[in-house]
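The exercises below ask you to read a structure step by step, and each task is followed by a worked solution. Please try each task on the structure before reading on.

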Amino acid sequence: MDIKNLNRRVTAARREVEARGETFYPGPSRIHLAAFPPKERWDDWVELDSKAWPDRVEKRYMLVPTTCFNCESACGLLAYIDRDTLQVRKLEGNPEHPGSRGRNCAKGPATHNQITDPDRILYPLKRAGKRGEGKWTRVGWDEALDDIAGRIRRAIQDGRKTEVMYHVGRPGEDGFTERVLAAWGVDGHNSHTNICSSGARAGYHFWMGLDRPSPDHANADVILLISAHLESGHYFNPHAQRIIDGKQRGAKLIVFDTRLSNTATHADHWIAPYPGSEAAILLAIANDLIQRDGYNRDFVRRWWNWQEYLTHEHPAVEPTFEQFERILKTLYREFTFEFAARESGVDASVLEEIARLVASAGTRLATHNWRSAGSGNLGGWQVARTLFLLNALLGAVATPGGTFPNAWNKFVPRPIYMPPHPPVWNELAWPAEFPLGIFEMSFLLPHLLKQDRGRIDVYFTRVYNPVWTNPDGFSWIEALTDEQKIGLHIALTPTWSETAYFADYILPMGHGSERHDLHSYEQYDGEWIGFRQPVLRAARERLGERITDTRQVNPGEVWEENEFWVELSWRIDPDGSLGIRRYFESKQQPGQKLSIDEYYGYIFEHSVPGLPEKAAVEGLTPLAYMRRYGAFEIRQGVGALHEEEVPAGELQEVSIDAFGRTYTAAPAQASPNIVPQPAPEPDAQGRRPVGVQIDGKILRGFPTPTGRLEFYSTTLAQWGWPEYALPVYIKSHIHPDHLEPGQIPLISTFRLPVQIHTRSANAKWLDEIAHTNPLWIHTIDAARLGVRTGELVRVETEIGYFVVKAWVTEGIRPGVVACSHHMGRWKLADAGQRQMMATVGLQRDGGDWRMHRERGVEPYDSSDPDTARIWWKDVGVHQNLTFPVHPDPISGMHCWHQAVRVRKAGPTDRYGDIAVDTEKAHAVYLKWLSQTRPATHYSPDRRRRPYWMMRPLRPTKEAYALPR
Ligand code: SF4
C-alpha cells in the first residue's frame, strides 16, 4: 500500500470512529490501532483478567509509560499497574512514543520477566572470600557508599585522577554519568563501543564529522542494508517498521549478509558475499556510477572537499571541478564488477543488477551498516565509508528517503549543570597507539594492565560483562583477580553476570521500569525525547504519595543510578571543599541535594522546545507531562540542516579560508540542543568555525575540519595513513590471502533477535524461544567433515578452541561458518541465574585455562512456578572466550571475525569444552599493536588525538598534548 492509500484509509477510519462518537486515537503512530488504550483512560483502564477465564473478572489498571532498557532503541513501554496490588502486571508498547509508535520486539514486554525474576540481585553484596571465590555477604548501602566514596576521595585528593574508571556496557542514557565523572574531574569513562560499533562509526565520522547514519527508510526508493537490520542492530525496531513502511510504498530492499538472516528473507535482493569483501562491492557500484556519469554532479561539486583533495594530492593540477571529475574517473577504475565478483564470490551480473538499482534511487537511497561487516573485519570502517560514498555520490544526504547525519535527527537537551572538561588524559582508555580510535580501547584493558601502563584503584563495571561479552575473557579474569592492578571492583548491575563474580561489591540497579533516564535517537527525520521512569514511583505519586527515593518503590533495595550517583558524589565531597558537591546541589534549595524531580524538571522546562507549551495545554508541568506520556516529539521534517544559511547575526569579523571554511568572532549561539559535536579547530585568530561558503552563501555545513563532506580526509593523511585517506578497500584479516591452509572465516557477531547480551538470562519467555548457538555450517562443508546436525565439532582459534554442536544448513555461504555470540552463559557456583547459565568447572595452570560444563540448566522451585517447567538444558557455548583481541589500527574496533579450523570433535571432546592459552592471547595483542602508527611518532602537532574528533568526556585542550 502506498502512503497516499494509507492516509486515505486512516482518514476513513477516523471518520468511522468519530461517527460512533468515540475518540479516534492516532497517537504518534498516526495509524489508528484500536488495541491501544486511549490515553484519556490511562488512569483507570479496565481489562478482563485472562487468568480468570472462563469467569469475567475485571482488572483495573493504571497505565504508566517508561522506556525499554533491553537494547539501544529506547522504545516506549506502557506498564500496566494493577490498581489493587500496585504491582506491574505486564508491559506493552507506548503509542505516544514517536520512535517506536506503540510497537516493540519480544524483549520489551519481557521486561516483566526481568523485574519478577526469582534469581535477581535485590540487595548490595560484598565479597566475603577471595575475588571470584563466590562468597558474598549482604551489606547496607551506607557501608558500600562510604567505602567507595572514601577511596574515590583519596584518589582525587592524591591527584590519581586516572585511577577511577567507570566502564559502561549498555549506557541507556544520554550523558548523565559522563557529567558525574566530569564533576569528579577524572578521565574515567570507558565504554563497550570498540567491541560494538566503532568500525561503522569511524567510517561515518571521517566523512561527516558525526558517527552515525539516520536513514529515512520510510521514504526511500532503495534501501541498502549491510546488516540484519530488520531483526537486530541499532534502533532496529523503530527502523524495521519504517523499512516495512518503505517496502509498502514500493521501495526495493537490498541486503548484504553472508548468513540467511530474517532480514535477508525480506530482501528483494539478498547476496551472501565472502565476509570482508563488502567494500569491494560498494566501490564497484561507486565506480559504475562514476564511469557512467550517474552521480549527482551538483551535490558533489558543492559538498565534497574535492578542492582540498586536489591541493594536497594533485598540486600541479588546476583546482577545478572538471579536473577533479577527470581524476575521479581514474580512482576506482580497477573496481569492476568482475573484480568485486572475484573478491566476494557473488556473480558479476548480480552485482551489476544491484548497482543499477542503487543508481535508480537518486536522492532516495537509505543505507545502513552498523555492526556486521563494519565490526568483523580489519578495515571494517571502510565498509561504512564506502557505503556512505554511494549516498554522497547520489546526493542522498539528508533528503527525503536519503540518509541523514544522526545529529540532524537527535536531540540532547542542556542539563541543569555542565561540569568542566577534566584536565587529565587516561592512557588506559586512550593509548597513544590509537590516536584515531573512535572510542576507548576498552577491550585491551587487561593487556594494558599486564604491560604495567597504569593501575585502577576504583573500577565500576556498569551493565557491562567483559568476562563474557568481550573477546579474551580469561585475560579479563586474570586482570580482575589481581588486586594490585584493580584495587576495588564494583559491579553495578540489575542481574548476575560472569563479571560480577569477580567484583568486590555487587550493587543492584534497576531494570527499565525501575529507573530514570533520557533518550533521543535518530529513527526518522524528526526529533523526539523519551523519558524512562520508575513506573511504581510515578503510579504512587499519581495517587498522591510523596516518594523521595526510588528504593521506596523498587523491589528489595534495588536502586536507580541517578540517585546513587548524586548520593555517592555527596559522600566523596561532603563539605564541598573538592568543588564536586556543587554539581549535585539543588538550585531551588541551595545546600540541599539535587532531587531527581528537579533535575528532570529543569531540563523539561528549560531545554526542550515546545514541551512547556504542550504541557500547559493539558494543565500539566513539563515534568508531569513526561511522567504521563513518556515521550515528546519536538519536530518532524528536520531536513537538510547543512544547507541552512548562517544568520547574519552570527557572522562577525568573518574569515574564510582557501576552501570556504568560514570562521566568526561571534560567540556561539545559546542553543538548547547540545548534541555532542566534534570541535573543529578555530582559525589562527581564535575565531570559531561557523559554516562553509558555497556558491557565495555561508551555509551551516558539517562539523568536519572543512565544513564539507570529507571524501579526502586530511586527518587520516596527516596522522600517518595517507593510503586510506579516500574511501578504499582494505583486505580483511580473514581475506583468503591471509588465511593459513585449512582455515576458514568464523562469523561470530550475529545477534539472536530475542536475546540481549547479558540481561536476558533472566527473561524466561526469551530463554524458552532461543537458548542455544549451534555452528552454522554449509552442507558442502559438513559433508567434507562428515558432520551432521547436532553432532559435535571442535572450532580452533589462534589461542584455543571450543566444542559446539553443528547445524547443517544452506543458509550460509560455503566455506564460512557462523555462531551467534548471544549464548554460552555460565556460572561457577550455585549463586546466579538458573534459567540460562550452565554450571561450569574452571581450571588454570599459568596461562593455560580450561572450562568444562558440569551441568546445563534444570527445572527448579521458586516464587515463579514457571521455573519448575524449564524444559531446556542447553544454553549454548561461550565462544568469545577463545577469541584474541584484534584492534583495528585506525578505528580501534575489535575485528570480530576469526580465522578458524573446524574439525569433527575427538573422543575426549565434550559439549561446551573450552581451552585457551592467555600467553598466546597476549602475543596476538602485541602482533596487532605492532600494526598501529602511534601518536608519539605520527602526530603532526604533538597532540594525542585530533582535537576536532569526537571523544566521550573530552578533556581540556591542554590534556591533549603528548608528554615531552
Ligand atoms: S527494539 Fe525491543 S529491546 Fe530494543 S528497545 Fe525496542 S522493545 Fe526494547
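**Exercise 1.** Which residues surround the ligand?

Solution. The structure is a predicted model, and the answer starts from its ligand shell. Going along the sequence, the ligand is surrounded by Cys68, Asn70, Cys71, Ser73, Ala74 and Cys75, then by Asn104, Cys105, Lys107 and Gly108, and finally by Phe236 and Asn237. Sorted by character, the residues of this shell divide into six nonpolar, five polar and one charged.

**Exercise 2.** Determine whether Thr263 is buried or exposed, and describe its surroundings.

Solution. Begin with the location: Thr263 belongs to helix α7, which covers residues 262-265. Next comes accessibility, where the cut-off for a buried residue is under 20% relative accessible area; Thr263 counts as buried because its relative accessibility is 0%. Then look for contacts beyond the neighbours within four places in sequence, and Thr263 is found to touch Leu225, Ser227, Ala228, His229, Leu230, Glu231 and Val255. With Leu230 there is also a polar contact, since the side chain of Thr263 reaches the backbone nitrogen of that residue at 3.0 Å.

**Exercise 3.** In what order do the strands of the open three-stranded sheet lie, and which of them stand at the edges?

Solution. The order is β18-β19-β20, and the pairing is antiparallel. The edges are taken by β18 (517-519) and β20 (631-636), each of which has a single partner strand, so that one side of each is left without a neighbour in the sheet. From one strand to the next, the twist averages 10°. Between β19 (residues 526-532) and β20 there are five bridges, and within this pair Glu527 has Arg635 as its bridge partner. Helix α21 (residues 596-606) packs on the sheet, where it touches β18 and β19, and its direction makes about 25° with that of β18.

**Exercise 4.** How many bridges join β2 to β3, and how many residues of β2 are buried?

Solution. Strand β2 (residues 58-67) has seven of its ten residues buried, and it is therefore largely enclosed by the rest of the structure. Seven bridges join β2 to β3 (residues 76-82) in the antiparallel sense, with Tyr61 standing opposite Asp82 in β3. Strand β1 (residues 45-48) also pairs with β2, antiparallel and over four bridges, and there Val46 has Arg60 as its bridge partner.

**Exercise 5.** Do β10 and β11 run parallel or antiparallel?

Solution. Strand β10 (residues 222-226) is joined to β11 by four bridges, and the two run parallel. Leu224 stands opposite Ile254 in β11, a strand (residues 252-256) in which four of the five residues are buried.

Key: Residues are numbered from 1 along each chain as its sequence is written. This is a predicted model: local features need pLDDT of at least 70, side-chain atom pairs count only at pLDDT 80 or more; totals for chains, interfaces and linings use all residues. Side-chain values use heavy atoms; hydrogens and water are left out. A residue is near a molecule or strand if one of its heavy atoms lies within 4 Å of it. Ala, Val, Leu, Ile, Met, Phe, Trp, Tyr, Cys and Pro count as nonpolar, Asp, Glu, Lys and Arg as charged, and the others, Gly among them, as polar. Buried means under 20% relative accessible area, exposed over 50%, partly exposed in between (1.4 Å probe, protein chains only). A polar contact is a pair of N or O atoms within 3.5 Å; within protein, one must be able to donate a hydrogen and the other to accept it, and residues adjacent in sequence count only if both atoms are side-chain atoms. Contact means heavy atoms within 4.5 Å. Two strands pair if DSSP finds at least two bridges between them. Axes are lines fitted to C-alpha atoms, for helices over the stretch in contact, and angles run from 0 to 180 degrees between N-to-C directions.
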